[in-house]
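Here are my notes on this entry, set out point by point. Please read them with the coordinates open.

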Amino acid sequence: MANDLDPRISPAERFGRELARCRKERGLSQRRLADHVGCSPSLVGHIETGSRNPQLDFAQACDQLFDLPDKDYFVRLCRRIHQSPSGPGWFLRWLEEIEPSAATLRTWDPLLIPGLLQTEDYARAIFRGHRAILETEAEEQVAARMQRQLILTRNSPPTLWVLLDEWVLRRSIGDPQVMADQLTHLAAVATYHNVTVQIVPADSPCTDGLMSGFVIAELADAPTTVSVESAGRGEVSAEHELVSLIWGRYDRLRAEAYRPGESLEKIKEAADQWSLRT
């Protein structure tokens with residue numbers, strides 16, 4: 001079977017290649033496979049080339065048909081497509097290997113509430129506004145994001161340090177009710193014993209965070225690793241030079257931030273202002 005973490009192909013391409021391999025091993029044409037799973041031959045062709053994303057019911061039908069030793073093989077491949085909207089290998093590695101194993105996570109977000117602290121409605125508004133997307137795909141992505149958040153309430157959760165640009169509290173994602181609920185949730189999570197949220201003032205002279213958001217992950221049995229976002233792609237790296245660069249940016253931004261107590265008041269004030277607009 002394909003290497004699930006092979007960064008050279010996207011999750012959709014991985015699903016397509018495995019589908020074609022299994023189909024050919026069974027001596028099935030695309031039309032015969034389509035008859036078995038209840039779709040058109042053209043859809044099978046598009047999925048095999050990675051130009052169309054399979055839905056969960058399609059993956060389930062493939063698992064039933066091929067009856068592989070891994071009973072949920074195609075379902076698992078399908079979920080990875082929807083956990084990572086554009087399928088980048090760097091983000092897949094972060095989700096599966098690094099974030100769940102981190103002892104400490106330090107984040108900087110200049111544009112949005114970080115995914116680990118988003119409400120369902122806020123996340124849903126992001127996914128729906130990101131690109132043309134089917135409702136079922138958006139819901140699967142929201143569910144995957146909510147699943148990620150379980151690391152904050154598990155036994156021995158990671159310590160989470162969050163730096164947010166003050167403009168994030170003012171930027172409308174969804175309607176005012178979505179924003180009010182999101183900021184109320186953020187204020188509640190900020191009181192968790194393992195979570196600290198600090199707001200960087202909108203008029204801060206520090207420009208180190210304007211180029212990108214990032215996360216620093218400290219791991220117990222592996223080097224410190226960073227995830228750096230940029231337009232259209234991102235990077236996960238434990239390279240010492242990059243880690244040092246990102247940590248320096250984090251320290252400079254935190255030096256500009258309000259203290260946790262002051263930050264909590266800023267979040268509550270913003271939540272109240274959004275509530276007045278509902």
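**Notes on the fold**

1. Start with the contact pattern. Among contacts in the chain with a separation of 6 or more, 69% join residues 24 or more positions apart. Keep in mind that this is a predicted model.

2. Overall make-up. The chain has 278 residues, and 50% of them are buried. Its secondary structure comprises 11 helices and six strands. The exposed surface comes to about 13,900 Å². Carbon and sulfur atoms supply 50% of that area.

3. The largest nonpolar core. This core holds 37 residues. Which of them touch the most other members? They are L105, L117, L183, L186 and V197. Several elements give two or more residues each: the helices α6 (89-98), α7 (120-130), α9 (176-189) and α11 (260-275), and the strands β1 (102-109), β2 (159-165), β3 (195-200) and β4 (214-219). Helix α9 gives the largest share, seven residues. Another core lies apart from this one. That second core has 22 residues, including L33, A59, F74 and C78.

4. L105 as a contact centre. Neighbours within four places in sequence are left aside here. L105 is then in contact with W94, E99, L116, I151, P158, T159, L160, W161, V215, I216 and A217.

5. L186 deserves a look too. It is found in helix α9. Is L186 buried or exposed? Its relative accessibility is 0%, so L186 counts as buried. Beyond its neighbours within four places in sequence, L186 is in contact with I113, L117, L164, L169, V197 and I267. The C-alpha atoms of L186 and Q118 are separated by 7.7 Å, although these residues are 68 apart along the chain.

6. Strand β4 and its partners. Five of the six residues of β4 are buried, so the label "mostly covered" applies. β1 and β4 run antiparallel and are joined by six bridges. Within that pairing, R106 stands opposite I216 in β4. β4 also pairs with strand β5 (residues 225-230), again in the antiparallel sense, over four bridges. There, F214 stands opposite V228 in β5. β4 and β5 form a hairpin, with five residues between them.

7. Aromatic pairs. The structure holds four of them. Take F15 and F58: their ring centres are 6.3 Å apart and their planes lie at 45 degrees, so this pair is tilted. F15 lies in helix α1 (residues 11-25) and F58 in helix α4 (residues 56-66), so the pair ties together parts that are 43 residues apart in sequence. Both F15 and F58 are buried. Y73 and F74 make an edge-to-face pair, with 5.5 Å centre to centre and 70 degrees between the planes. Y73 and F74 are both buried. Ring pairs link F15, F58, F66, Y73 and F74 into a cluster.

8. A charge over a ring. Where does the charged end of R170 sit? It sits over the ring of W167, 4.6 Å from the ring centre.

9. Helix α4 and what follows. The buried residues of α4 are F58, A59, A61, C62, D63 and F66. Just after α4 comes D67, with a positive phi of about 50 degrees. D67 is placed in the loop between α4 and α5 (73-83). With 49% relative accessibility, D67 counts as partly exposed, because the exposed class begins over 50%.

10. A second backbone check. Most residues other than glycine have a negative phi. S156 is not a glycine, yet its phi is positive, at about 55 degrees. S156 lies in the loop between α8 (135-148) and β2. How exposed is S156? Its relative accessibility is 66%, so S156 counts as exposed.

11. Points to revisit on screen. For the largest nonpolar core, begin with helix α9, which gives seven residues. For the strands, begin with β4, which is joined to β1 by six bridges and to β5 by four. For the backbone, inspect the positive phi values of D67 and S156.

Terms used:
Residues are numbered from 1 along each chain as its sequence is written. This is a predicted model: local features need pLDDT of at least 70, side-chain atom pairs count only at pLDDT 80 or more; totals for chains, interfaces and linings use all residues. Side-chain values use heavy atoms; hydrogens and water are left out. A nonpolar core is a set of buried Ala, Val, Leu, Ile, Met, Phe, Trp, Tyr and Cys residues joined through side-chain atoms within 4.5 Å. Buried means under 20% relative accessible area, exposed over 50%, partly exposed in between (1.4 Å probe, protein chains only). Contact means heavy atoms within 4.5 Å. Rings of Phe, Tyr and Trp (its six-membered ring) pair if their centres lie within 6.5 Å; planes under 30 degrees apart count as stacked, over 60 as edge-to-face and the rest as tilted. A charge sits over a ring if NZ of Lys or CZ of Arg is within 6 Å of the ring centre and within 35 degrees of the ring normal. Two strands pair if DSSP finds at least two bridges between them. Accessible areas come from the Shrake-Rupley method with a 1.4 Å probe; for residues, only the protein chains shown count as cover.
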